[in-house]
Amino acid sequence: MPTARERVRAELTAEITAAARRQLAEVGAAALSLRAVAREVGMASSAVYRYFPSRDDLLTRLIIDGYDALGEAAEAADDPAAPPEQRWSAVCGAVRDWALAHPHEYALLYGSPVPGYSAPQDTVPAASRVGIVLGRILGDAARAGRLSGGGVRVPGLLGDAAVEVLGQDAPGIDDAVRVRALLAWSSLFGTVSFELFGHLVGSVEDADAYFARAVAELGALIGLD
């Protein structure tokens, strides 16, 4: 059981990060300020620095929290008992729904880089969660005989991270399948970003219908049809 000190620290950390998310909505990530966050939560700047020594530390926490929340949404949408194409569609829909409900947090994850900030390796596990869900769908589809491939690696094409996340060593998954999956994965976020940042205005009449069609086409590209 957490001690009283640990509970207080957790509560204050939650208050600080909540205030920082509001700052994201108001001024954007590039203008995020520990002093402004401290004012909002009624703390001295020096006290906030004991929780987050720098703006970059606070940004990292927000990024990890955002990736974790998005990953949780994707994981909750995946029903292992459903056919692979339905699982893919459900997970893609969950990604879009989360992005539309949390536009400023999504922009922090997939929008313009924050000047002077470089995300540390600490963010990688959380950032991989959606990809791991996709990899699980690919692996299950391959084991069910829904994907074809010879398990061949193409030297110099994909890094170990892509192999680990996208299907791992499931039979029927090779680099050709992984390339299609990586293309579909990146296209999913490109489609969501285009909608969220207003780039589909004037080009798409029905965003819901367009997204559903795009997801179906991307699923077919992978072989989930």
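Helices here are DSSP runs of H or I with at least four residues, and strands are E runs of at least two. By that count the protein has 11 helices and zero strands. The model is a predicted one.

**Whole chain**

Start with everything shown as a C-alpha trace. Along its principal axes the trace spans about 60 × 45 × 35 Å. Now follow the chain along the sequence. The pattern reads α-α-α-α-α-α-α-α-α-α-α.

**Two domains**

Colour residues 1-52 as domain 1 and residues 59-222 as domain 2. Place a centre on each, taken over C-alpha atoms: domain 1 and domain 2 have centres 30 Å apart. Then look across the boundary. There, 10 residues of domain 1 are in contact with nine residues of domain 2.

**Annotated stretches**

Select residues 10-70. UniProt, in an unreviewed entry, gives this range the feature "domain: HTH tetR-type". The chain over residues 10-70 is 77% helix and 0% strand. Put a distance label on its end C-alpha atoms: they lie 21 Å apart.

Next, select residues 33-52. The UniProt record, again an unreviewed entry, places a "DNA-binding region" here. Helix makes up 65% of residues 33-52, and strand 0%. The end C-alpha atoms of this stretch are 11 Å apart.

**Helices α1 and α2**

Show α1, residues 4-27, together with α2, residues 34-41. Their axes come within 9 Å and cross at roughly 115 degrees. The crossing of α1 and α2 is right-handed.

Which residues of α1 and α2 meet? Turn on side chains for Glu 15, Ile 16, Ala 19, Ala 20, Arg 22 and Gln 23 in α1. Opposite them in α2 are Ala 36, Val 37, Glu 40 and Val 41. Colour the α1–α2 contact by class: six residues are nonpolar, one is polar and three are charged.

**Helix α5 against α10**

Move to α5, residues 84-101, and add α10, residues 175-196. The α5 and α10 axes come within 10 Å and cross at roughly 35 degrees. This crossing, too, is right-handed.

On the α5 side, pick Trp 88, Cys 92, Val 95, Arg 96, Ala 99 and Leu 100. They meet Ala 184, Leu 188, Phe 189, Val 192, Glu 195 and Leu 196 of α10. How many residues in the contact of α5 with α10 are polar? None: the contact has 10 nonpolar and two charged residues.

**Helix α5 against α11**

Keep α5 and swap the partner for α11, residues 207-222. The axes of α5 and α11 come within 10 Å and cross at roughly 135 degrees. Because angles over 145 count as roughly antiparallel and 65 to 115 as roughly perpendicular, with 135 in neither range, α5 is oblique to α11. The handedness of the α5–α11 crossing is right-handed.

From α5, select Trp 88, Ser 89, Cys 92, Gly 93 and Arg 96. From α11, select Ala 207, Asp 208, Phe 211, Val 215, Leu 218, Gly 219 and Ile 222. By class, the contact of α5 with α11 holds seven nonpolar, three polar and two charged residues.

**Last stop**

Show α5, α10 and α11 together. Centre on Trp 88, Cys 92 and Arg 96. These α5 residues take part in the contact with α10 and in the contact with α11.

Note on methods: Residues are numbered from 1 along each chain as its sequence is written. This is a predicted model: local features need pLDDT of at least 70, side-chain atom pairs count only at pLDDT 80 or more; totals for chains, interfaces and linings use all residues. Side-chain values use heavy atoms; hydrogens and water are left out. Axes are lines fitted to C-alpha atoms, for helices over the stretch in contact, and angles run from 0 to 180 degrees between N-to-C directions. Angles under 35 degrees count as roughly parallel, over 145 as roughly antiparallel, 65 to 115 as roughly perpendicular and the rest as oblique. A crossing is left-handed if the near helix is turned anticlockwise from the far one by less than a right angle, and right-handed if clockwise. Contact means heavy atoms within 4.5 Å. Ala, Val, Leu, Ile, Met, Phe, Trp, Tyr, Cys and Pro count as nonpolar, Asp, Glu, Lys and Arg as charged, and the others, Gly among them, as polar. UniProt positions are given in the numbering used here, feature names are shortened, and annotations may be inferred rather than shown by experiment. Domain bounds come from an automatic or database domain assignment.
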